[in-house]
Amino acid sequence: MTETTPAPSGAPRSGGIARIVSASLIGTTIEWYDFFLYGSAAALVFNTLFFPSGDPLVGTLIAFVTYAIGFAARPLGGVVFGHFGDKVGRKKLLVVSLLMMGGATCAMGLLPTYDTVGIGAPILLTVLRLVQGFALGGEWGGAVLIVSEHGGDKHRGFWASWPQAGAPGGNLLATGVLALLAAVQSEDTFQAWGWRVPFLLSGVLVVIGLWIRISVSESPVFLAAQAESGADTAQGAEGKPPVVEVFRHSWREVLGAIGTRFGENVSYYILTSFILVYVTTHLELPKSTALNAVLIGSAVHFVTIPLWGALSDRLGRKPVTLIGSTGMALWAFAFFALVDSESFAVITAAVTVGLLLHGAMYGPQAAFISEMFDTRVRYSGASMGSQLASIVAGALAPIIAVELLKDYGSGTPIALYLCAAAVITTITVAVIKETRGRDLTRPTTPRTRSGREASVAGVDRG
């Protein structure tokens with residue numbers, strides 16, 4: 001194997017960082033489009049087509065349970081993709097994840113409904129949702145790492161935030177397609193076959209994404225670490241699986257990543273998925289009101305995420321994240337009060353401000369979590385931390401919110417829940433170390449003479 005030496009960590013990598021960023025952004029946008037499409041459909045059509053019930057909220061609750069099952073598969077995807085991503089490279093696994101996600105989403109568009117095949121319909125839908133979750137569990141880590149490891153130290157927050165913008169980009173695309181169909185079709189037509197169109201459209205998007213992703217180069221930081229690992233193996237050193245190394249030596253960083261993502265995850269799924277239920281079922285407003293509010297908010301979100309990432313290059317990952325988490329803790333109460341006004345303009349403003357605050361947590365996150373782990377376990381560590389958070393936070397958020405609404409008939413308990421989640425992230429970020437400026441080619445866990453690994457997940461200034 002020929003050893004490839006990375007460029008100095010403070011300098012841009014060769015091969016065009018803009019091309020790497022574009023490939024990651026387009027790929028993550030497509031994958032999040034697929035994933036969020038299910039969440040929107042769960043709130044709008046799956047509750048009646050696949051989970052019919054006399055009570056609309058009960059049907060929606062069941063639909064969101066299958067929505068959460070996709071999150072349950074994400075840590076497993078993080079382990080599997082992380083293991084092979086740390087062994088064979090970031091690029092190959094990103095291609096696999098895109099194929100899996102696109103295939104599952106297209107298949108959803110072809111499924112028979114409950115009226116046609118009975119219980120088989122929700123079972124097939126749930127299986128495909130598991131495949132989606134498994135694929136997305138490996139997507140996030142690879143997409144942000146290949147950008148983080150190509151970019152330099154000084155602007156890593158900015159460059160790595162672009163794959164993060166794929167989340168609102170995908171949500172913007174999914175919500176936009178649904179809003180367009182809802183506008184040009186009658187309710188009966190949309191329920192009969194119109195909802196299938198955005199799922200089948202995923203096949204076209206996947207072809208575009210694959211063409212772009214295959215053209216990018218592998219991470220130079222990974223190639224250098226792989227060459228070093230090969231030399232160690234040749235000398236008889238036996239390496240443990242990356243996931244074992246993560247839980248043995250980097251468990252504090254995994255916990256830090258979970259806490260950092262907690263408030264961000266909860267807030268995002270309440271602001272973009274649960275809001276569709278709240279507006280259409282509780283306030284009994286048209287679907288277009290909620291869809292268009294999320295559409296406008298997502299557009300602003302998409303544009304501002306890289307700005308938050310760039311700000312974290314100047315101020316640090318912690319200060320920017322804390323702006324978002326503390327702001328969200330306070331905005332939670334204003335959010336539901338404004339949505340209850342039933343004014344489209346006010347609802348849109350409430351969603352947009354909420355997503356702006358979410359962006360302050362989400363923009364710096366890719367660089368923040370990437371900088372917590374060593375190259376040899378970075379894919380596994382970043383994926384495990386982020387995807388475990390998705391189970392305890394994102395997966396449960398719509399379910400808990402719907403259950404609170406069903407029990408109390410008010411947005412106040414949901415605001416308290418959202419506030420508590422943001423406080424958890426605030427406390428976590430306040431106590432972990434700053435990582436801005438870290439050289440990714442240097443280990444965060446150097447071995448001491450006793451053989452123990454000293455965890456120093458903060459900035460390595462030496």
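## Aromatic residues and two helices in a predicted model

Phe 335 and Phe 336 are both buried. They belong to a predicted model, so let us take a friendly walk through it, starting with the aromatic rings.

### Aromatic rings

In total, the structure contains nine aromatic pairs. One of them is Phe 335 with Phe 336: the ring centres lie 5.0 Å apart and the planes meet at 85°, so this pair is edge-to-face. The cut-off behind that label is an angle of over 60 degrees between the planes. Phe 335 and Phe 336 also join Phe 274 and Tyr 278 in one aromatic cluster.

### Three buried residues

Next come two further phenylalanines and a threonine. How buried is each of them? The table gives the relative accessibility, and a value under 20% counts as buried.

| Residue | Place | Relative accessibility |
|---|---|---|
| Phe 81 | helix α3 (residues 74–88) | 2%, buried |
| Phe 51 | loop between α1 (17–49) and α2 (56–72) | 9%, buried |
| Thr 289 | helix α14 (residues 287–315) | 12%, buried |

What surrounds Phe 81, setting aside residues up to four places away in sequence? Phe 81 touches Leu 93, Val 96, Ser 97, Met 100, Phe 134, Ala 135, Gly 138 and Tyr 379. As for backbone distances, the C-alpha atom of Phe 81 is 8.8 Å from that of Leu 94, with their positions 13 residues apart along the chain.

Phe 51 sits in a loop, and its contacts, again without residues up to four places away, are Phe 46, Gly 59, Ile 62, Ala 63, Thr 66, Pro 122 and Leu 125. Phe 51 and Ala 121 are 70 residues apart along the chain, yet 9.0 Å separates their C-alpha atoms.

For Thr 289, the contacts beyond four places in sequence are Val 279, Phe 344 and Ile 347.

### Helix α4

Two of the residues that Phe 81 touches, Leu 93 and Ser 97, are also among the buried residues of α4. How does the length of this helix compare with what its residue count suggests? Helix α4 (residues 90–108) has 19 residues, which at 1.5 Å a residue should span 27 Å; the C-alpha atoms at its ends are 28 Å apart, so the two values agree.

The buried residues of α4 are Arg 90, Leu 93, Leu 94, Val 95, Ser 97, Leu 98, Met 101, Gly 102, Ala 104, Thr 105 and Met 108. When reading that list, keep in mind that an α-helix has 3.6 residues a turn, so residues three or four places apart point the same way.

Terms used
Residues numbered from 1 in each chain as written. Predicted model: local features only at pLDDT ≥ 70, side-chain atom pairs only at ≥ 80, totals over all residues. Heavy atoms only, no water. Helix = DSSP H or I, 4+ residues; strand = E, 2+ residues; numbered from the N terminus. Buried < 20%, exposed > 50% of the residue type's maximum accessible area, 1.4 Å probe, protein only. Contact = heavy atoms within 4.5 Å. Phe/Tyr/Trp six-rings, centres within 6.5 Å; stacked < 30°, edge-to-face > 60°. Expected span 1.5 Å × (residues − 1).
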